[in-house]
Amino acid sequence: MRLILFLLAFTPSILAAAGPQILLERRTPPPFGHRVGSLLTQHLDIFAPASWHLDPASLPPTGPLGDWLEIRHLNWQTRKADGGRRYRIDITYQIFPNPKESLQWALPPVTLRFQTPEEQKSQTVTAPAWPFTVAALTDITRPEDQIALRPLWQSPPALLSPYWWRLAGLGLLLTTLLLVLAWHRRWLPWQRPPFAHRWRKFRRALGAGDTGAALRLFHRALDESAGHALFAHQLDDFCRQQPAFAAQRQALQDFFRLSRRTFFAATPHRPDPARIEALYLACLQAEKRCHS
């Protein structure tokens with residue numbers, strides 16, 4: 001039965017205005033089940049010939065319509081269709097009073113005016129009053145002074161500690177997996193090869209003009225790559241153990257000679273920073289080939 005009433009309530013009414021072919025179709029909510037504060041929206045779908053246009057001044061203004069009803073929202077839009085124009089008008093009402101018993105009220109009729117260009121002709125279409133039932137919000141069988149206000153419903157407190165423990169466990173597992181991946185891919189800072197590990201310090205030293213510090217960092221990278229303090233006469237063994245550095249053997253020999261003149265010559269020698277950096281980059285590429 002409720003389903004039948006619901007379907008009947010949503011059955012659109014189609015009204016044709018006299019004169020031009022202006023058609024109005026209205027859809028309304030169910031005419032029952034409304035209380036104080038309820039919002040009711042009626043939808044007006046209108047088709048007008050191309051030569052007729054809606055006069056916006058005929059739309060009902062928003063605001064109070066009396067002591068018990070007001071228009072909260074009114075939206076309308078239009079588009080070209082079927083050789084004419086279609087209008088969609090949505091009017092939302094709100095009811096205020098709290099009746100002590102169920103009453104039948106009605107939304108007021110809505111009359112809209114359509115005009116031709118230069119306002120030579122005009123025609124009105126009317127959506128008739130729409131009756132609906134408003135029910136009492138409180139128990140009408142009891143006096144008002146005997147109606148006690150019920151406390152606001154509150155949801156029971158949720159026990160969140162199990163979820164926090166699960167979240168912590170997932171975070172720990174994810175961190176462990178990331179550490180294992182970083183260790184496997186040698187992403188951890190202390191796992192970087194000697195030349196890659198000292199690259200930033202080497203650049204900063206060269207940028208600051210401290211070529212002595214840059215040379216010392218270069219030597220430490222060579223020592224760590226060889227596994228011991230590396231001297232010039234050990235370069236052949238080093239290149240046999242690290243074949244990727246073999247192409248730089250002569251350049252490394254020159255580097256040791258340059259380093260000796262810089263640190264131990266009677267006359268201080270200032271090496272070319274660009275030449276040292278180029279050799280460092282070549283060793284860095286050789287190191288990558290060793291660990292690839």
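**Helix packing, cysteines and selected residues**

Helix α4 and helix α8, the latter spanning residues 273-291, pack with their axes 11 Å apart and at an angle of about 170 degrees. The two helices, α4 and α8, are therefore roughly antiparallel to each other, since an angle over 145 degrees counts as such. From α4, the residues W199, F202, R203 and L206 take part in this contact, and they meet P273, I276, E277, Y280 and L281 in α8. By class, the residues of the contact of α4 with α8 comprise 7 nonpolar, no polar and 2 charged. The model described here is a predicted one.

Helix α4, which covers residues 199-207, also packs against helix α5, which covers residues 211-226. The axes of α4 and α5 lie 7 Å apart, and the angle of packing is about 160 degrees. That angle makes α4 roughly antiparallel to α5. The crossing in which α4 passes α5 is left-handed. On the α4 side the contact involves K201, F202, A205 and L206, which meet T211, A213, A214, L217 and F218 in α5. The residues of this contact of α4 with α5 divide into 7 nonpolar, 1 polar and 1 charged. F202 and L206 of α4 appear in the contact with α5, and F202 and L206 also appear in the contact with α8.

T211, a residue of helix α5, was examined individually. Its relative accessibility is 9%, so T211 counts as buried, the limit for that class being under 20%. With residues up to four places away in sequence not counted, T211 touches L206, P271 and P273. Of these, L206 belongs to the α4 residues that meet α5, while P273 is one of the α8 residues met by α4.

A further contact of α8 is formed with helix α7, which comprises residues 249-264. The axes of α7 and α8 come within 11 Å and cross at roughly 135 degrees. The helices α7 and α8 are therefore oblique to each other. In this case, too, a handedness was assigned: α7 passes α8 in a left-handed crossing. The α7 residues A251, L252, D254, F255 and L258 make the contact together with R275, I276, L279 and C283 of α8. Sorted by class, the contact of α7 with α8 contains 7 nonpolar, no polar and 2 charged residues. I276 of α8 takes part in the contact with α7, and I276 is also among the α8 residues met by α4.

The cysteines were considered next. A disulfide is a covalent bond between the sulfur atoms of two cysteines. The count of disulfides in the model comes to 0. C239 is in no disulfide, and the nearest cysteine sulfur, that of C283, is 9.2 Å away. The sulfur of C283 likewise has its closest cysteine sulfur in C239, and the separation of 9.2 Å is too far for a bond, because a disulfide requires sulfur atoms within 2.5 Å. C239 is buried, with a relative accessible area of 9%. C283, one of the α8 residues in the contact with α7, is also buried, and its relative accessible area is 0%.

L230 is located in the loop between α5 and α6, where α6 covers residues 235-241. With a relative accessibility of 5%, L230 counts as buried. When neighbours within four places in sequence are left aside, L230 is in contact with L222, D223, L235, F238 and F256. L230 and R220 are 10 residues apart along the chain, and their C-alpha atoms are separated by 8.9 Å.

Two residues of helix α2 were also described. L172 lies in α2, which spans residues 161-184, and L172 is exposed, with a relative accessible area of 59%. The C-alpha atoms of L172 and H228 are 39 Å apart in space, for a separation of 56 residues in sequence. T176 is likewise placed in helix α2, but T176 counts as partly exposed at 39% relative accessibility. T176 and Q123 are 53 residues apart in sequence, and the C-alpha to C-alpha distance between T176 and Q123 is 77 Å.

Finally, D82 is found in the loop between β6 (69-81) and β7 (84-95). D82 has a positive phi of about 55 degrees, although D82 is not a glycine. At 60% relative accessibility, D82 counts as exposed.

How values were computed: Residues are numbered from 1 along each chain as its sequence is written. This is a predicted model: local features need pLDDT of at least 70, side-chain atom pairs count only at pLDDT 80 or more; totals for chains, interfaces and linings use all residues. Side-chain values use heavy atoms; hydrogens and water are left out. Axes are lines fitted to C-alpha atoms, for helices over the stretch in contact, and angles run from 0 to 180 degrees between N-to-C directions. Helices (H or I, at least four residues) and strands (E, at least two) are DSSP runs, numbered from the N terminus. Angles under 35 degrees count as roughly parallel, over 145 as roughly antiparallel, 65 to 115 as roughly perpendicular and the rest as oblique. A crossing is left-handed if the near helix is turned anticlockwise from the far one by less than a right angle, and right-handed if clockwise. Contact means heavy atoms within 4.5 Å. Ala, Val, Leu, Ile, Met, Phe, Trp, Tyr, Cys and Pro count as nonpolar, Asp, Glu, Lys and Arg as charged, and the others, Gly among them, as polar. Buried means under 20% relative accessible area, exposed over 50%, partly exposed in between (1.4 Å probe, protein chains only).
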